[in-house]
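Student: I would like to go through the empty spaces in this protein with you, and then some of its helices and strands. Could we begin with the enclosed spaces?

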Amino acid sequence: PSWDDIAPEQETYIENWMTEFEDVLASENFADPNDGYSKYINVESFIDHMLLNELSRNVDGYRLSTYMYKTKDKEDDPGQLYMGPVWDYNLAFGNADYCDGSTIEGWAYDFNDVCPNDFWQVHFWWERLLQDPIFREELKAKWMKLRNGKFSNTNIENWIDGFESQLQEPQARNFQRWPVLGEYVWPNDYVGDSYQEEVDYLRSWLMDRLAWMDQAFDIELSTENGLLGEQVILSPNPAMNNLHVEGDFITEGVSFEIISLEGKRMMKGVLAGKSTIQIDQLPKGNFLLVLNNENHQITQKFVKI
């Protein structure tokens with residue numbers, strides 16, 4: 001409920017619950033698998049939240065612009081605190097010229113060390129969670145899984161390509177209405193003279209950030225079993241009626257989705273071996289083919305004519 005509508009009983013319950021959780025997190029036995037912090041929070045949602053804020057080096061991350069929710073208590077389930085949904089990334093991805101907001105190296109959760117005099121500081125949750133070796137290992141494992149799938153260089157490059165193409169016409173109208181290209185707008189760290197320069201900056205910044213986080217997590221990205229180095233060939237591309245999909249990644253049980261650049265799922269199914277997808281029912285335009293092989297994912301862009 002909103003602050004104006006919340007009942008006194010609800011306010012008391014939330015305050016007491018959060019106090020109990022923070023007391024446990026600050027305690028000597030905070031990492032106890034039965035009675036420690038993991039009893040109170042959905043750990044995976046905290047890990048996802050952390051990795052998104054770190055990937056984007058969100059200068060508002062952790063301390064501002066943060067939603068969370070708690071599931072209801074049940075007789076056999078005390079209900080846990082979840083981080084999310086994520087929002088407000090306008091001062092992220094290298095677009096902040098203060099408090100190391102655009103710096104490739106370093107962790108966003110260290111904000112208090114970088115800007116100790118800022119009014120909005122990062123609370124102790126994240127530093128404390130990272131003192132648990134199990135949490136650190138789960139964080140590293142999730143990063144490696146994402147880098148070998150949704151966060152792979154290929155996937156991110158393809159998503160950027162897709163959005164760049166989708167926004168070609170509206171960006172021209174946008175900068176005609178608001179002619180800010182080549183001008184500093186708080187808190188830009190980089191000021192490009194064209195839409196293309198801005199996209200290139202985003203792409204370069206992200207690739208450098210990904211590489212730094214790989215090094216910081218001390219992981220090696222595999223090129224086997226459909227991971228980062230895997231190549232999937234789509235032909236013909238542009239395609240009219242049929243889209244041929246080839247590559248070692250295409251093995252038994254690989255599922256696929258075709259998604260429009262607006263995020264709408266157009267088709268889904270399963271591939272096996274060398275496969276062909278009939279796409280004659282798709283409208284003309286640009287699409288993303290998302291292939292999932294167990295824990296790994298590859299995204300390729302194609303054009304339907």
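Student: How many nonpolar, polar and charged residues does the lining of the largest cavity have?

Tutor: In this predicted model, that lining has six nonpolar, two polar and two charged residues.

Student: Which residues line the largest cavity?

Tutor: The lining consists of Arg57, Asn58, Val59, Cys99, Asp100, Gly101, Trp107, Ala108, Phe111 and Val114. The volume of the largest cavity is about 50 Å³.

Student: How many cavities of 30 Å³ or more does a search of the whole structure find?

Tutor: The search finds two. The second largest cavity holds about 40 Å³ of space.

Student: And what lines the second largest cavity?

Tutor: Its lining includes His49, Asn53, Asn58, Trp87 and Tyr89. By class, the lining of the second largest cavity divides into five nonpolar residues, six polar and one charged. Asn58 appears in the lining of the largest cavity and also in that of the second largest cavity.

Student: His49 and Asn53 belong to α2, I believe. Are the residues of α2 buried or exposed?

Tutor: Ten of the 13 residues of α2 are buried, so the helix is largely enclosed by the rest of the structure. His49 and Asn53 are among them, as are Val43, Phe46, Met50 and Leu55.

Student: What do the buried residues of α2 pack against?

Tutor: They pack against β2 (81-83), α4 (125-129), α5 (133-147) and α8.

Student: What span should α2 have, and how far apart are its end C-alpha atoms?

Tutor: At 1.5 Å a residue, the 13 residues of α2 should span 18 Å, and the end C-alpha atoms are 18 Å apart, which agrees.

Student: Which residue with a positive phi follows α2?

Tutor: That residue is Arg57, with a phi near 45 degrees. Arg57 also belongs to the lining of the largest cavity.

Student: Let us turn to the pockets. What is the volume of the largest one?

Tutor: The largest pocket has a volume of about 1100 Å³. Its lining comprises 37 residues, and Ala92, Phe93, Glu198, Val199 and Leu202 lie nearest the centre. The elements that give two or more residues to this lining are α2 (43-55), α6 (153-166), α7 (168-177) and α8 (195-217).

Student: Which element gives the largest share?

Tutor: The largest share comes from α8, with six residues. By class, the lining of the largest pocket has 24 nonpolar, nine polar and four charged residues.

Student: Where is the centre of the second largest pocket, in terms of the residues nearest to it?

Tutor: Pro1, Gln10, Tyr13, Ile14 and Lys70 lie nearest that centre, and 13 residues line the pocket. Two or more lining residues come from each of α1 (8-26) and β1 (68-70). The largest share, five residues, is from α1. The volume of the second largest pocket is about 360 Å³, and its lining has eight nonpolar, two polar and three charged residues.

Student: One last topic, the strands. In which sense do β5 and β8 pair?

Tutor: Strand β5 (residues 254-260) pairs with strand β8 (residues 285-293) in the antiparallel sense, over six bridges. Ile259 has Leu288 of β8 as its bridge partner.

Student: Over how many bridges does β8 pair with β9?

Tutor: β8 and β9 (residues 296-304) pair over nine bridges, in the antiparallel sense. Within this pairing, Leu289 is bridged to Gln300 of β9.

How values were computed. Residues are numbered from 1 along each chain as its sequence is written. This is a predicted model: local features need pLDDT of at least 70, side-chain atom pairs count only at pLDDT 80 or more; totals for chains, interfaces and linings use all residues. Side-chain values use heavy atoms; hydrogens and water are left out. On a 1 Å grid over the protein atoms alone, a cavity is a set of points where a 1.4 Å probe fits but cannot get out, and a pocket is an open set with protein on both sides within 12 Å along at least five of seven lines; lining residues have an atom within 4 Å of a point. Grid points are joined across faces, edges and corners, and a volume is the space filled by probe spheres set on the points. Helices (H or I, at least four residues) and strands (E, at least two) are DSSP runs, numbered from the N terminus. Ala, Val, Leu, Ile, Met, Phe, Trp, Tyr, Cys and Pro count as nonpolar, Asp, Glu, Lys and Arg as charged, and the others, Gly among them, as polar. Two strands pair if DSSP finds at least two bridges between them. The expected span of a helix is 1.5 Å times one less than its number of residues. Buried means under 20% relative accessible area, exposed over 50%, partly exposed in between (1.4 Å probe, protein chains only). Contact means heavy atoms within 4.5 Å.
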